[in-house]
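Biologist: I'm new to reading structures, so could you pick one part of this protein and take me through it slowly? I'd like to see how that part fits in with what lies around it.

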Amino acid sequence: MKGGGGVVGGVALAKRRWRGLAIGVLFLVVLSMFVPLGFLLGLHNSFHSHGFVPHQSSWAGGGSSNIDDLLNKIEPKLPKDVIGNLAKKAKSITSSLNASHNSQLKKGIPVPPTVRQPPPAMQQPPPAMRQPPPNKNNVRVSGKAGVTGNSKDKINESGRLCELKYGSYCLWREENREEMKDDIVKRLKDLLFVARAYFPSIAKIPAQNNLSRELKQNIQEFERILSESATDADLPSQIKKKLQSMEAAIAKAKAVPTVDCNNVDKKLRQILDMTEDEANFHMKQSAFLFQLAVHTMPKSLHCLNMRLTVEYFKNHSSDKESEKYADPTLHHFVIFSRNVLASSVVINSTVMHARESAKQVFHVLTNRQNFYAMKLWFLNNSYKDAAVEVLNVEDYNLDYHEEANLSPLFLPMEFRVSFHSVDNAGPVHNRTQYISTFSHSHYLLPEIFKNLEKVVILDDDIVVQQDLSALWSLNMGGKVNGAVQFCSVRLGQLQSFLGESGFDKNSCSWMSGLNVIDLIRWRELALTETYWRLVREQANIGEGSALKASFLTFQDLIYALDGVWVLSGLGHDYNLHTQDIKKAAVLHYNGNMKPWLELGIPRYKTCWRKFLKREHQFLSECNVNP
């Protein structure tokens, strides 16, 4: 009995031992699972032994992993060379921090006890990684990679991240952002285009009848709103709800998987073609309105002419004839103009720079419509000691314009000439020049001024900045017309317009604006008869015939003035240098953008405005403020 009991007890003891081993193995297995998990979650950082002092481990110990994570996030947006620079800076800061910490421990410098680490998300990066505050006006481009100084992404209007990358539309829009007018109306049009593009495809799907009906209702509602509203102020008060409804319907249409993208693409292309046609129409319309504004008199100047004309007949006073008008020993200037203010500026600027204004006589030639307005203006305004005579061309019975059946007065003609210049390694560039020349009325001067020997013709779109008395002492050597040559346009380049007329193709064209005319030599050569013969030989004797006839009439009879006398281009060229403007004796505003128009170039208007007489009461009453 005793021996059997001992055997049973030994077996039970062996079972207890195996059970303990099984529990121990199970415990080790569970521990092997939770310990790595604890290290991954960072729970080991909270179990510090007494006297252990943790240091800034985000950059010293675990900084390399944080840097790698940060660089991996922004790596698609930055070039490799910039990433390498950032990594090198971070590593240098890491090594410097470790070295400083070790040196403090070796030297026995006390370290503050138990410094709690902030979470990694709240730790501030070193100065090398800190981003400056965003500044819309401070965008710099460095190197070939094109990384901007402000690399922080901005959020566009749709709420998506807009990467600031050099050359991208996002960067261009941030640099050139302007306040959009009527943006809600434009947004309505855009949504309407998109809805129209999706509606045909949605309507073909039987399972999307509700969505098709919703899109159709929104399209009809938007069409009705846009037909009644042209600006944001005209929109109804419930427009925000209608926008949300349309956006929701479009979002549903985009989410339909069975939509035929080809049909949507075709519809959008049709809309694009319609938009291009509309843009071309508006471009042509704007060009026409621009030309209309150039060639018509502003309302304020028309009001001034009418007020002056009425005032002339109310307080009519006889005009005394001056002996200076026919004295050949004086300096005579001739101006063809229908514009009161323009002719006044020309006379005033000439007189203000003259050494002896008493020797100057101005003859303003105009038509019957503007004759009395100019008459009263120059009677009421004095220009130092100079004499001003206003002449009506229609009072002279001249056979030449009766034979040609022409209008009595033609102003100096301006022609726009465009050239296509092709560089060897570049694109085609358009070069546009404006050539001004004599009109039909200029060839009536020898008959109108029979007692004069020499005159200076001034266009009404010039400003005089120096004394012009030296022009009367010129020896032109038998030439008739003293003019500034315009070698940017040679006669050979105008061969398609001038035809084969036997002229020198390499000779420069000449410009009106400032011309010294020898009337004695003119009469000897009978240039007026030559001009009208050349005009009659052409099929069209209108204004366009003046250019060809003038160049052929004065062939080999042009005396080239020094180029410093006249600076042209102030009516079309934005790139004239300030020093050239100051040095020129005469500024010529040839081109479409005259200084008395709102279209005039603002930078050049100041030279014209300072010679404008603003004392007259009609200027304020007619709101004349060029």
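Modeller: Let's start with a bit of vocabulary: the expected span of a helix is 1.5 Å times one less than its number of residues. Keep in mind that what you see is a predicted model. Now take helix α10, which covers residues 340–352. With 13 residues at 1.5 Å a residue, α10 should span 18 Å, and its end C-alpha atoms are indeed 18 Å apart, so the two values agree.

Is α10 mostly covered or mostly open? It's mostly covered, with 12 of its 13 residues buried. To count as buried, a residue has to be under 20% relative accessible area. The buried residues of α10 run from Val340, Leu341 and Ala342 through Ser343, Ser344, Val345 and Val346, and on to Ile347, Asn348, Ser349, Thr350 and Val351.

Now look at the N-terminal end of α10, where asparagine 339 acts as a cap. A side-chain oxygen of asparagine 339 lies 3.1 Å from the backbone nitrogen of leucine 341.

Those residues turn up again when we go looking for empty space. Rolling a probe the size of a water molecule over the atoms shows where empty space is left. How many cavities of 30 Å³ or more does a search of the whole structure find? The search finds one, and the largest cavity has a volume of about 30 Å³. Asn339, Val340 and Leu341 are in its lining, along with Met297, Leu301, Leu304, Asn305 and Arg338. Sorted by class, that lining has five nonpolar, two polar and one charged residues. Both α9 (299–314) and α10 supply at least two residues each, but α9 gives the most, with three.

Arg338 leads us on to another space, the second largest pocket, because being a lining residue takes just an atom within 4 Å of a point of that space. Arg338 is among the residues nearest the centre of this pocket, together with Val294, His295, Leu411 and Lys594. In total, 35 residues line the second largest pocket, and its volume is about 990 Å³. Helix α9 shows up here too: α8 (261–295), α9, α11 (368–380), β8 (413–422) and β9 (428–437) each supply at least two residues of the lining. By class, the lining residues divide into 14 nonpolar, 13 polar and eight charged.

Let's stay with α9 a little longer, since cysteine 303 sits in that helix. Which cysteine is joined to cysteine 303 by a disulfide? It's cysteine 622, at an S to S distance of 2.2 Å. Cysteine 622 lies in the segment after α20 (617–621), so the pair ties together parts that are 319 residues apart in sequence. If the word is new to you, a disulfide is a covalent bond between the sulfur atoms of two cysteines. The torsion about the S-S bond of cysteine 303 and cysteine 622 is about -65°, so this disulfide is left-handed. The two ends sit in different classes of exposure: cysteine 303 is partly exposed, with a relative accessible area of 27%, while cysteine 622 is buried, at 8%.

The count comes to two disulfides, so it's worth setting the other beside it, because a pair of cysteine sulfur atoms within 2.5 Å qualifies. Cysteine 487 and cysteine 508 have their sulfur atoms 2.0 Å apart. Cysteine 487 lies in strand β13 (residues 485–490) and cysteine 508 in strand β14 (residues 508–510), so this pair ties together parts that are 21 residues apart in sequence. With 95° about its S-S bond, the link of cysteine 487 and cysteine 508 is right-handed. Here cysteine 487 is partly exposed, with a relative accessible area of 39%, and cysteine 508 counts as buried at 13%.

One last cysteine to look at is cysteine 607, in helix α19 (residues 602–609). Cysteine 607 is buried, with a relative accessible area of 14%. Its C-alpha lies 9.1 Å from the C-alpha of glutamine 465, although the two residues are 142 apart in sequence.

Note on methods. Residues are numbered from 1 along each chain as its sequence is written. This is a predicted model: local features need pLDDT of at least 70, side-chain atom pairs count only at pLDDT 80 or more; totals for chains, interfaces and linings use all residues. Side-chain values use heavy atoms; hydrogens and water are left out. Helices (H or I, at least four residues) and strands (E, at least two) are DSSP runs, numbered from the N terminus. Buried means under 20% relative accessible area, exposed over 50%, partly exposed in between (1.4 Å probe, protein chains only). A polar contact is a pair of N or O atoms within 3.5 Å; within protein, one must be able to donate a hydrogen and the other to accept it, and residues adjacent in sequence count only if both atoms are side-chain atoms. On a 1 Å grid over the protein atoms alone, a cavity is a set of points where a 1.4 Å probe fits but cannot get out, and a pocket is an open set with protein on both sides within 12 Å along at least five of seven lines; lining residues have an atom within 4 Å of a point. Grid points are joined across faces, edges and corners, and a volume is the space filled by probe spheres set on the points. Ala, Val, Leu, Ile, Met, Phe, Trp, Tyr, Cys and Pro count as nonpolar, Asp, Glu, Lys and Arg as charged, and the others, Gly among them, as polar.
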